[in-house]
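I opened my notebook today to look around a protein structure, one small question at a time. Come along and check each entry on your own screen.

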Amino acid sequence: MAAPLGGKDAPHRPVLLDETIHYLAPERGGLFVDCTVGPGGHSEAILESSNATRVIGIDLDAEALRYASERLARFAERFRPVHANFREIGSILGDADKNEVRGVLVDLGVSSLQFDSSARGFSFRFDAPLDMRMNPASEVETAADLLRRLPEEEIARILFEYGEERRSRRIAKWIVESREQGKPIERTTTLVDLVQRAVGYKKTGNIHPATRTFQALRIAVNQELDSLDRFIETAIDLLQPDGRFVGISFHSLEDRILKQELRRLSGYCQCPVRVPVCSCGARRAVEILTKRPVTPSAIEVDENPRARSAKLRACRKLTLI
């Protein structure tokens, strides 16, 4: 959990921090891009590694960007905050920046600031409007808007595909029945109660029954999986030779995209065996540094249970002849 700025507690420690720094190797100096700067923990460690290191920190959440900017103010011009979607990395970097990038980090999912907010609707721990937008100032539909507008079949598809929720059809049916009775789902606690009743909630295990539903709606609201593969390729193309790319994911859909795209860019063709000519665009641009995803230690998970599902994948840009 992120501590308030100026509070006595130490700032939030990001997931897989030591592993991230190991694979990014920022002690080499140069320009690094933190595509999801959040509270600024990863960027802080990158900047502390060398006085010759600079960071461009991107975030769609203006509140998180203000937090990070204050936390990293002591680095002065070595940290540059940018309020934007990280998928726009190509246009965010100036011509000079594009020739200097030594590392790119993307930490996918919800930041601690967003998850711990009692007003943003990301967490079922708080009673709040069902918003879930990364950028609350945008014109993007909220989660409540989607549940008010989408047909039952589409709600079920979102819950199943993005949340891997086995009871997706039943939950979607209850959501639509509720709104048809003049009771649209507009608050987090209302959705939690509906999901618990729909699945016949019994307190077993560590995963709350509403977890997958909240995850799925958040992904749908923010279109988190859209163009993720193209972003990865663009980010890697921007790297200097020997530059590093690190991606951290928190659910299987993101991790699958990271895995497949890094394999494709390492030269592994992913076309069906019987296809005579490669059409997937495989090319040997990187060396994969993580044969298997790196996961948090038992100690880290014990200290921060949210880290339990994190997976890190990394690669190194090859020198092309």
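Here are my entries, grouped by the part of the structure I was looking at. I kept in mind throughout that this is a predicted model.

**Entry 1: cysteines**

I began with the sulfurs. As a reminder to myself, a disulfide is a covalent bond between the sulfur atoms of two cysteines. How many disulfides does a search of the whole structure find? I got zero. I then looked at Cys 35, whose closest cysteine sulfur is in Cys 315, 13 Å away. That is too far for a bond, because a disulfide needs the two sulfurs within 2.5 Å. Going the other way, I noted that Cys 315 is in no disulfide, with the sulfur of Cys 35 as its nearest cysteine sulfur. Is Cys 35 buried or exposed? I found a relative accessible area of 1%, so Cys 35 is buried. Cys 315 is buried as well, at 0%.

**Entry 2: helix H2**

Next I looked at helix H2, which runs over residues 41–48. I wrote down that H2 is mostly covered, with seven of its eight residues buried. Among those buried residues are Gly 41, His 42 and Glu 44. Ile 46 and Leu 47 are also on the buried list.

**Entry 3: Thr 213**

I moved on to helix H11, residues 211–222, where Thr 213 lies. Thr 213 has 0% relative accessibility, so I counted this residue as buried. What does Thr 213 touch, leaving out residues up to four places away in sequence? My list reads Leu 159, Glu 165, Ile 171, Leu 191 and Val 195. I looked at one of these partners again: Glu 165 is 48 residues from Thr 213 in sequence, while their C-alpha atoms are 6.9 Å apart in space.

**Entry 4: a salt bridge within one helix**

A search of the whole structure gave me 25 salt bridges. I picked the one between Asp 193 and Arg 197, with N and O 3.0 Å apart. Where do these two residues lie? Both are in helix H10 (residues 188–199), four residues apart, which is about one turn of the helix. I noted Asp 193 as partly exposed, with a relative accessible area of 37%. Arg 197 is partly exposed too, at 46%.

**Entry 5: helix H13**

I tried a length check on helix H13, residues 252–265. At 1.5 Å a residue, its 14 residues should span 20 Å. The C-alpha atoms at its ends are 20 Å apart, so the check agrees. I then listed buried residues of H13, including Leu 253, Leu 258, Leu 262 and Leu 265. Charged names such as Glu 254, Asp 255 and Arg 264 are on that list too. What covers these buried residues? I found that the cover includes helices H8 and H12 and strands S5, S6 and S7. Just after H13, I saw that Gly 267 takes a positive phi of about 100°.

**Entry 6: salt bridges around H12**

I followed Arg 264 to its salt bridge with Glu 233, where the closest N and O atoms are 3.0 Å apart. Arg 264 lies in H13 and Glu 233 in H12, so this pair ties together parts that are 31 residues apart in sequence. Arg 264 counts as buried at 9% relative accessibility, whereas Glu 233 is partly exposed at 23%.

A second bridge joins Arg 283 and Asp 237, with the closest N and O atoms 2.8 Å apart. Arg 283 is in the loop between H13 and S6 and Asp 237 is in H12, so parts 46 residues apart in sequence are tied together here. I found Arg 283 partly exposed at 30%, and Asp 237 partly exposed at 40%. Which residues do salt bridges with shared partners join into one network? I wrote down Glu 233, Asp 237, Glu 261, Arg 264 and Arg 283.

**Entry 7: Lys 317**

My last stop was Lys 317 in strand S7, residues 311–317. Lys 317 is buried yet has no salt bridge. The nearest side chain of opposite charge is Asp 237, 5.1 Å away. What does the side chain of Lys 317 reach? I found the backbone oxygen of Ile 236, at 3.1 Å. Other residues that Lys 317 touches include Leu 239, Pro 241, Gly 243 and Val 286.

Technical notes
Residues are numbered from 1 along each chain as its sequence is written. This is a predicted model: local features need pLDDT of at least 70, side-chain atom pairs count only at pLDDT 80 or more; totals for chains, interfaces and linings use all residues. Side-chain values use heavy atoms; hydrogens and water are left out. Buried means under 20% relative accessible area, exposed over 50%, partly exposed in between (1.4 Å probe, protein chains only). Lys and Arg count as positive and Asp and Glu as negative; His and the chain ends are not counted. A salt bridge is a side-chain nitrogen of Lys or Arg within 4 Å of a carboxyl oxygen of Asp or Glu. A polar contact is a pair of N or O atoms within 3.5 Å; within protein, one must be able to donate a hydrogen and the other to accept it, and residues adjacent in sequence count only if both atoms are side-chain atoms. Contact means heavy atoms within 4.5 Å. The expected span of a helix is 1.5 Å times one less than its number of residues.
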